[in-house]
Amino acid sequence: MPQSHRIPLKPLQGFDWSSLTGNVASAAAYFSSDYMYAFADAWTFSCFTEYGSKAVPSLGQESVLYNTSYDQILKWTRLDYRMERYLPAEEALAMIRIELAQGHPVLVKGDTYRCPWFPADYGRLHRPHFYLITGYDDLTNHLFCTDVAYMTYHQAQTVSDFSLGFAGDLLTLRPNHDQYSQPAQLPTLYEVLTRRATANLGLGDEAYSAFDSMRNMADGWIELDRLAAEQQLHSATDMSPLNLELLYIVQARMQFLQLLEQKRDAKDSFMEQITTAFNETVRSWTLIRKSYVHSFEPRVQREPLLTLIAERIRATAALEQSLAESILHSNRLREIMDGYQQAGRSAGREL
């Protein structure tokens, strides 16, 4: 009778290409929902204020700016985790089987040349890549894998392919059973929204408006496209830096939207309006990115399409700025009402 420990672990939406953090978030979600607070500050935007050679380093920096790492994700889950490096494949397999037997997924670093769910790379191209192992079958000698890059789960990989492609890094995850550990202090959604809206409007420590930065990006869109093409010539990646920037923007907003959808009170009408509006910003940025990808197709007149994309970025900036202002306005009204109620209670006690 073969051992089979299959964890029904599907990749989370909104993490395509965020290979390490996306897989960690998927694994963390298997244990706990608190991982979403790692993205409490994800609604942000890169600072596009200068062009020419200075603009090139800013491309692809959205994920750096909101600075979400697997350490931050796991902090909210209160999971114990350990990163093993330079492990031999045989030792890694033994550790994987122990973890799976306890119902724990394992994150590994391998080579896409040995990942059959990467049809463009499998047997053709060597690239380092993170993915999750969620099961092992002794009878067929196959591992079962979940991978955010292709949004796939329960994908079979032979032990031979794993052993030949394993790059030595392995991350184990397990619940923290320390009875004395105290849960992290979670901010309310109103606190999260107010803090992020204040920062995005340039009223916080960042001291610049994210929405002005969006408009600067739109103003220099054609020039940024040219700079991205030049940068791609000197890069090993097959994705344009500007396309990657747009992907990070979409992912940041999707992760922030997941936080709102999971944590909001269904009876809170204001939070319902915010979630609906935020859904629209996700759709808007997704459309912008799709249009940019479309601009590289044959027989497409690129310059008119790039001009249209710039207009869409400006419209989305206006939408997001209005959303941020509404959040701060609502928060101020709530503070005023709380003040009236507190004053009323004080007056009642004096009588």
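Helices, here meaning DSSP runs of H or I with at least four residues, are numbered from the N terminus. In this predicted model, arginine 283 is found in helix 10, which covers residues 269-294.

**Arginine 283 and its surroundings**

With a relative accessible area of 46%, arginine 283 is partly exposed, because a residue counts as buried under 20% and as exposed over 50%. The side chain of arginine 283 makes a polar contact with the side chain of glutamate 280, at 2.7 Å. Arginine 283 also lies 8.5 Å from valine 250, C-alpha to C-alpha, although 33 residues separate the two in sequence.

**The protein as a whole**

The protein has 11 helices and six strands, and buried residues make up 46% of its 351 residues. Of the contacts with a separation of 6 or more, 72% are accounted for by residues 24 or more positions apart. The accessible surface comes to about 17,600 Å², and 52% of that surface belongs to carbon and sulfur atoms.

**Salt bridges**

A search of the whole structure finds 19 salt bridges, including those in the table.

| Arginine | Acidic partner | N to O distance |
|---|---|---|
| Arginine 78 | Aspartate 34 | 3.3 Å |
| Arginine 85 | Aspartate 169 | 2.9 Å |
| Arginine 264 | Glutamate 272 | 2.8 Å |

In the salt bridge between arginine 78 and aspartate 34, the closest N and O atoms are 3.3 Å apart. Arginine 78 lies in the loop between helix 3 (70-77) and strand 1 (79-84), whereas aspartate 34 lies in the loop between helix 1 (19-31) and helix 2 (62-66), so the pair ties together parts that are 44 residues apart in sequence. Arginine 78 is partly exposed at 29% relative accessibility, while aspartate 34, with a relative accessible area of 13%, is buried.

The side chains of arginine 85 and aspartate 169 likewise meet in a salt bridge, at 2.9 Å from N to O. Since arginine 85 lies in the loop between strand 1 and helix 4 (89-101) and aspartate 169 in the loop between helix 5 (159-165) and strand 6 (170-175), this pair ties together parts that are 84 residues apart in sequence. Arginine 85 counts as partly exposed at 45% relative accessibility, and aspartate 169 counts as buried at 9%.

For glutamate 272 and arginine 264, the closest N and O atoms of the salt bridge are 2.8 Å apart. Glutamate 272 is partly exposed at 34% relative accessibility, and arginine 264 is partly exposed at 24%. Elsewhere, salt bridges that share partners join Asp34, Arg78 and Lys263 into one network.

Technical notes:
Residues are numbered from 1 along each chain as its sequence is written. This is a predicted model: local features need pLDDT of at least 70, side-chain atom pairs count only at pLDDT 80 or more; totals for chains, interfaces and linings use all residues. Side-chain values use heavy atoms; hydrogens and water are left out. Helices (H or I, at least four residues) and strands (E, at least two) are DSSP runs, numbered from the N terminus. Buried means under 20% relative accessible area, exposed over 50%, partly exposed in between (1.4 Å probe, protein chains only). Contact means heavy atoms within 4.5 Å. Accessible areas come from the Shrake-Rupley method with a 1.4 Å probe; for residues, only the protein chains shown count as cover. A polar contact is a pair of N or O atoms within 3.5 Å; within protein, one must be able to donate a hydrogen and the other to accept it, and residues adjacent in sequence count only if both atoms are side-chain atoms. A salt bridge is a side-chain nitrogen of Lys or Arg within 4 Å of a carboxyl oxygen of Asp or Glu.
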